[in-house]
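Me: Got a model here and a few spots to ask about. Can you walk me through them?

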Amino acid sequence: MNFVHDPLTPRVLFGPGVLQALPSELGRLGLKRVLVISTLEQRGLAELVSDHISERVAGFFDRATMHVPAPIVEDAVSMARDLGIDGYVAAGGGSTIGLAKMLALQSSLPILAIPTTYAGSEMTSIFGITESELKRTGRDKRVLPRTVIYDPELTLSLPSSISVTSGVNAIAHAVEGLYAPEINPILSIMAQQGIAALAKAIPKIRIKPADLKARSDALYGAWMCGSVLGNVSMALHHKLCHTLGGTFNLPHAETHTIILPHALAYNSPAIPTAIKLLQEALSILDPARALYDLAKSNGAPVSLRSIGMKEADLGRACDLVMSAQYPNPRPLEKRAIAGLLRRAYFGQTPQP
Ligand code: NAD
């Protein structure tokens, strides 16, 4: 067996109550004047975080927004410059961490991330910014957080509907990782662990959002899945979601949740090893169908029409997906991709 494992990873602190370590972690990074970043909805969380480090907080920027719009980045850059900060504390989901990444890209200052969803952005060097309705992404080591504090207590407030879609979004990273060219035995184990942990935790969180054990399992799974994403290249599933989200302004985690079973079913004839690993992780014969059922039985959307896509846009979506050239285990076949999109649009079960 020959492989390369060259992990790109931040320092991680994990566990309920681990937020207490924030002051010492900032000290470890030598940070004395940080900008605390959050969404407006999570301003309370940003203030809770700052209670631990008040003497080191230079200011708050609470306008992090989905898909990282360029004007918001400009405002945050100018605030950071005026305050003369030396680093960022990003407390929130992928939108908040995404904004911190754009700031780190421009300033090369370090990020300490405190994730509160399962999106997994904190484990990757992938950044993204949306300008004139076009989302541009790239990879740069400067945007990878130096330290990540995973405190499951901070996820107890994540509404159960977002928890389900955010959890499936995380699973999608690991599923695509399992058939990526860079996959190796270590990343396979992480992908299987992450998928299994999330698939078990999601139904428990749906029933009881305050179940701290299930929240811990889900956040652990998100960490594993995000780590896989950070170390592999992505294929059909992520490219489809990127196109649909960017061009038709569809919500991120919901789009991933809807597309994942269909993209997996499409690729399944070409990825026997990944399917075997998924069967083991999910203890089920048909992983694509299992992921569809996981979403549906936990109240998540399973159709693109239910999240605002128009049927008239299916043809354009198919053309856009076909026009982008990227590696995928099964070659892109226009008729089959059109069928995939139609099934996803109407919420039908996945087919190869
Ligand atoms: P999000 O960050 O927009 O959060 C969704 C909503 O949940 C927000 O209103 C937020 O304030 C709220 N929220 C978050 N945590 C909460 C909590 N614990 N309690 C209550 N409310 C909470 O959504 P997301 O799905 O985490 O992130 C999506 C974004 O992340 C997309 O822009 C996507 O492109 C990006 N992303 C990037 C990467 C990467 O590697 N670069 C990976 C995954 C996702």
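Reply: Sure, starting with N328: a polar atom of its side chain lies 2.7 Å from the backbone oxygen of R330. That is a polar contact, meaning a pair of N or O atoms within 3.5 Å; within protein, one must be able to donate a hydrogen and the other to accept it, and residues adjacent in sequence count only if both atoms are side-chain atoms.
Reply: Two cautions on the source: this is a predicted model, where local features need pLDDT of at least 70, side-chain atom pairs count only at pLDDT 80 or more, and totals for chains, interfaces and linings use all residues. Residues are numbered from 1 along each chain as its sequence is written, and side-chain values use heavy atoms, with hydrogens and water left out.

Me: Which backbone nitrogen does the N328 side chain reach?
Reply: The one of L236, at 3.0 Å.

Me: Is N328 buried or exposed?
Reply: N328 is buried, because its relative accessible area is 15% (buried is under 20%, exposed over 50%, partly exposed in between, with a 1.4 Å probe and protein chains only). N328 sits in the loop between α12 (314-323) and α13 (334-346); helices here are DSSP runs of H or I, at least four residues, numbered from the N terminus.

Me: Switching to the ligand. Which side chains have an N or O atom by it?
Reply: Among them is T117, with a side-chain N or O atom 2.6 Å from an oxygen atom of the ligand. For Q42, a side-chain N or O atom is 3.0 Å from a ligand nitrogen.

Me: And how much of the ligand does the protein cover?
Reply: 86% of the 860 Å² of accessible area that the ligand has on its own (Shrake-Rupley method, 1.4 Å probe).

Me: What's the shell around the ligand made of, by class?
Reply: Seven nonpolar, 14 polar and three charged residues. Here Ala, Val, Leu, Ile, Met, Phe, Trp, Tyr, Cys and Pro count as nonpolar, Asp, Glu, Lys and Arg as charged, and the others, Gly among them, as polar. The largest share, three residues, comes from α4.

Me: OK, last one. Where is S233?
Reply: S233 is in the loop between α7 (212-231) and α8 (236-248). With a relative accessible area of 29%, S233 is partly exposed.

Me: What does the S233 side chain make a polar contact with?
Reply: The side chain of E182, at 2.8 Å. Not counting residues up to four places away in sequence, S233 touches R139, A180, P181 and E182, where contact means heavy atoms within 4.5 Å.

Conventions
Helices (H or I, at least four residues) and strands (E, at least two) are DSSP runs, numbered from the N terminus.
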